[in-house]
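Reader: I am new to this one and would like to know how its labels are earned. Could we go through them together?

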Amino acid sequence: MKTEKKRRIGLPATAIHESYDCVVIGSGYGGGIAASRMSRAGKRVALFERGEERWPGEYPSSLPLCAPELAVHARDGTTLGKRNGLYQLHLGKNQNVFVANGLGGTSLLNANVALRADERTLGLDVWPRELREDPKALDKYYQRAEAMLEPVPYPADAPPLPKLELLEQQAALLGPEYSERFYRPPITVTFEERLNAAGVMQQPSTLQGNDTTGVNDGSKNSTLVNYISDAWNHGCEIFCEIEARYILYSEPLKKWVVFYAALAFGRSSFSEDLNSALQFVLCDQVFLGAGTLGTNEILLRSQSMGLKVSPRLGTNFSGNGDILAFAYNTDLEANAIGMPGTLPPSKFSNGPVGPCITGVIDMRDATAAPNVLDGYVIEEGVVPHALADVLGTILNLTPGKVLPNLGLADWVKHAARQAATRAFGPYAGALKHTQTYLIMSHDDGQGDLTLANDTLDVAFADVGREQHIQHLNDTLAKATGAVKGTYVPGPFCSPLWGTSLISVHPVGGAAMGDSGEVAVTNHRGQVFTGKGKEVHEGLFVTDGAVIPTPLGVNPFLTISALAERTVDLAAQDMDASIDLSRVLTPINFERPEHAYMSAAHGVRDGRQVEGGISFSEAMEGYFSTVVKSEDVSMPDYQNAAAQAKSSDSRMRFMLSVIAYDLNALIDMNCHEADIMGTVSCRALSAHAMSVTSGRFRLFTADPVRTDTQNLVYELDLLSVEGCAYTLTGFKVVDNSAKLNLGRLWEQTTTLYVKVERRLQKANAVVNGNGTTTAASHVVGLGVLTMTVADFTKELASFKTYNSKTGLGFWTAVEFTNFFAKNLFTHFLPNLARLQYPEDPHECHIYRKTRPIEESWMLSVPAHIPAHPGDENIQIELVRWNGGGKGPILLIPGAAVTQNIFSTQLINDNFVDWILARGYDVFALNHRLSPNLPASLLQFTVDDVRIDIAYAIQRVREITGVEKLSVVAHCVGAVGLTMGLLDGLSEGVGAALLSQVSMHPVGGFINNIKSTLHASQIWRYGFGQNFFDSRATRSETLFDKALDQVLRFYPTVPKEVCSNASCHRQSFLFGRLWSHGNLDPNLHANIDKMLGGANMTTMSQLSMMSRNKKISDHEGKNVYVTEENIKTRFNMPITFIHGDDNVVFDPKGTKLTYDLVRSINGPDKYARYTFPGMGHLDTWLGQGSAKYVFPVVLNHLEAAELKHGVGYAGMGYAGVGYAGTRR
């Protein structure tokens, strides 16, 4: 069956809900029936299947394709091959077992024979009384199973099959007692195109014979196409590659807890973590249908974890008396090797092979076997094409052959056929004449299943040497000799394997019985709690593990009948009704008829979203429940990790990140994906906590750090104790990784985690919109890291998948390109794409600042003394009145406006902050402010002092105060200092000077620019009187070239950014901030804050920086004199400085501070530096409100209270706001 688009009904593990009505483990006959019937009964059901989901057309058909799907489990606990591969071979003592993993269980690979167990076998004493005393107890359940599985004999009008005719002839040669018991059994194979009982369209068999590796033509009636599809259509949520490990009952939660390992998403790379990093799901009922071996393993492991069960668990195991053997090189053609999957059946020269089994010699009746335990069936079989090329070698190496009694002519024919096989391959000669035998009989059922090294071990006592088994081998040898063939026992019946048999029908281990003293489950499939008759409510076994004796026939129909009965009785106990009606219309595999809603990104309309990428990762570190804070900062995480390390309090997680829509992951701003996995932390839970839902956001913009991206993890956790937590983790990737692979490794492998306890809904907080948010509180912080070994495993886990062939490769390329591009941006940030104001970016306006209440345009002299032809210029004074404190006047620096104090681009600006504390606030936009026409003209810093003096005077006139407080920044501070020292500015009672005053000491790069006279070069070398720091994509070719050069403006790695305007501002003034302090919103819109500067001003600043002292524009020291300082600078003055300022070095304010204290004494002066802060970020940084503004407030309040500055000196509150305090 070929499809352009793969059919999928399984959901991703991220969609597993935290609780279900029923959890079904396994998807063979027992699991499929439980899932279908419980779903039809209206229960919310989750089905866990260890193997992968495959549909007809996807099963491997050649040895190279089959080999990677084989897992061989040795007795010492080691496993070779794929843990959940399609083909599972368990090597045991005297008994080997072959089973299947996959959605559909062993029904995917079985030989299809649907025969009922005979009444004599069902009446044996080992069965529970309710079954052994009622021969008809299973009849209606057999009928239910047959109605869904729809077995039919191989049609009489179908093409003749040599292997079937050969078996019939052998029966005749063995005698009437055999020939009379030969017939065509019902098999679960479709021979016509039809709609099956579950509503699935099936195709007629192409008779290729590859049943035991997987039939690809869509004719096999496996549970996948009936019970499982039916369960899905009725709302069952199916999860493949989920390995249930053990189950326990939680008394606090009154729920069953199913612990499982998720194997998908490349998690097999973390094989050592899988068994310890178990997730869990809660439910009311558990139906164990994991197959005889799987169910026993789960129960044995559960027993070791504390589940009370019968001591008989693991005993009475049987291989169902299975015997595999061959009739090699017979006179008659068998054609019993499966067709090549690549060859159309019509072009196969040997003709149809047929389904695996089409005939049976049934020796179970009382006449053939007076002792019921001597009953058996002989069936013919097919060797799948995948083994065709090795079959001859296997048969040649197998000892114990029984040669036929042949004459010379027959030996010549034998040799000729062998030569033909060697010459023309397995489809000719001797192998074309080789029949495969399959026998089901009665072994002694005395096998034992135990756990060894946490892995199931199979052991039998001399099962291969029983007399009955020898009798069966003799019978097969006789049948083989009758057609002049060589009898070859099974390939495991050799000294190499300890004379072992191989079974494909394991039963028992959790056998049914009357009490826990003799059995593990009761007649209803309920698990006994010990030796008595008490059972675990809600725990059922529905597979072959419950069968207490070998059946002497293919067991799956009896398993199905028992499962139908168990589920029916369970539904009755639940007062639920199972709808048994047949589906009459085809299932719509695009959407189930009954679908539960899922919040997982990987689910849409009840189906898994197709395509995407996944990877798994493990991280480990230290987690503290001692160091915690509701308002968390980066140092808190490190402090918590240090404390946790001292007490060895660890946390480890094993997570898988799955993005089902790669385009959404890359294109959407949130870059979300799902997360599943576990978090282990003894400080929070005795067991690993399951991730009930998780979100992963890839390379999102850091909300508080500019040019920084985060990899964000948000996990909702549930502990076995019933506690709900939320883990929020983030990795920080920034430009400090520039050309530093070690730093880049550290950033991408370090996760900062915070865990909050989510309280019950009763404690939820009601939001303003009527919705509720669960209350929570922080319970701990920590730091997790990744080892090189775990990183290697993560790389190996990377997986792409898409339902359309070939797209997985391009998905990998696209994701890798996206990931590398983002890391490249931080490793080589200078080469990142430049950001311009026209580019799309966030511009969030914090609507908090009160509108300007009053404003005045002041006409002031252009120069003092006046120059010939001077005309007055216009400056702007604005006001917000927040109360009766103050007044204060705010003076910005060059190329900025009063917005540095009042911008709405940050959450906490100074104007908002100080208004809330009752101050009457004025602010000046002087001639260097870019919103005024005068800013484009040539002026000196001396001229700026004129604007400041006039503004001070006007504020005094408006408010009536004698003296006011002035807060000045940068060039504003220099201008105020000049005006105070030469006496032009009168009426200042206190001043706060930011970043500079009398001694403008430039930073390292600025000193170089000053030494080189950069402003003069720009003015006279390039003919530019003005430099605009606002970049634009529509600028001149020269400006574009300059932008490219400024990528490499020298700065430390962590300060590199891609904002073209920021580069220009650094070139003009020096780096104005520590980027880590800027709100990304502000940085992205920095062109709205800063303009340009004229070269006259810049030349004077450069000159003063070289001289390390302020002077007039001619270089004369007219300001900084002892007399001026003593008479005009003798007032409360506070200096503030960013400790990382590279525009003006903190040494400058220190020189000024020391000088004024030496002249006027220390009482009126204070100086503060702020670690980690630069120039403008003292006012605009994210820590300004916490660290800087309180210092400013203390200065203002001291000026008022101690020195009577402002309204305090007048004895009343501010004009128009008498007595007001805000």
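Author: Gladly! Let us begin with a term: a helix here is a DSSP run of H or I with at least four residues, numbered from the N terminus. Please keep in mind that this is a predicted model.

Reader: Which helix gives the most to the lining of the largest cavity?

Author: Helix α28, residues 1060-1069, does, with 3 residues. The cavity itself has a volume of about 120 Å³, and the structure holds 10 cavities of 30 Å³ or more. Among the lining residues are Cys 1062, His 1063 and Ser 1066. By class, 5 lining residues are nonpolar, 4 polar and 3 charged.

Reader: How do you know that Cys 22 forms no disulfide?

Author: A disulfide needs two cysteine sulfur atoms within 2.5 Å. The closest cysteine sulfur to that of Cys 22 belongs to Cys 283 and is 7.6 Å away, so it is too far for a bond. For Cys 236 the closest one is in Cys 22, at 9.4 Å, which is again too far. By this rule the count comes to 0 disulfides.

Reader: What makes Cys 22 and Cys 236 buried?

Author: Buried means under 20% relative accessible area. Cys 22 has 0%, so it counts as buried, and Cys 236, with 3%, is therefore buried too.

Reader: Why is the contact between Arg 40 and Asp 230 called a salt bridge?

Author: The cut-off is 4 Å between a side-chain nitrogen of Lys or Arg and a carboxyl oxygen of Asp or Glu. The closest N and O atoms of Arg 40 and Asp 230 are 2.6 Å apart, so the pair meets that cut-off. Arg 40 lies in helix α1 and Asp 230 in helix α8, so the salt bridge ties together parts that are 190 residues apart in sequence. Both residues are buried. The whole structure has 62 salt bridges.

Reader: What makes Asp 1154 and Lys 1150 partly exposed?

Author: Partly exposed lies between the 20% and 50% limits. Asp 1154 has 34% relative accessibility and Lys 1150 has 36%, so both fall in that range. Their side chains meet in a salt bridge of 2.8 Å, N to O. Both lie in helix α32, 4 residues apart, about one turn of the helix.

Reader: Why are β8 and β22 called edge strands?

Author: They belong to an open sheet of 6 strands, in the order β8-β17-β18-β19-β16-β22, with antiparallel pairing. Strands β8 (182-183) and β22 (486-489) are its edge strands: each pairs on one side only.

Terms used: Residues are numbered from 1 along each chain as its sequence is written. This is a predicted model: local features need pLDDT of at least 70, side-chain atom pairs count only at pLDDT 80 or more; totals for chains, interfaces and linings use all residues. Side-chain values use heavy atoms; hydrogens and water are left out. Buried means under 20% relative accessible area, exposed over 50%, partly exposed in between (1.4 Å probe, protein chains only). Two strands pair if DSSP finds at least two bridges between them. Helices (H or I, at least four residues) and strands (E, at least two) are DSSP runs, numbered from the N terminus. On a 1 Å grid over the protein atoms alone, a cavity is a set of points where a 1.4 Å probe fits but cannot get out, and a pocket is an open set with protein on both sides within 12 Å along at least five of seven lines; lining residues have an atom within 4 Å of a point. Grid points are joined across faces, edges and corners, and a volume is the space filled by probe spheres set on the points. Ala, Val, Leu, Ile, Met, Phe, Trp, Tyr, Cys and Pro count as nonpolar, Asp, Glu, Lys and Arg as charged, and the others, Gly among them, as polar.
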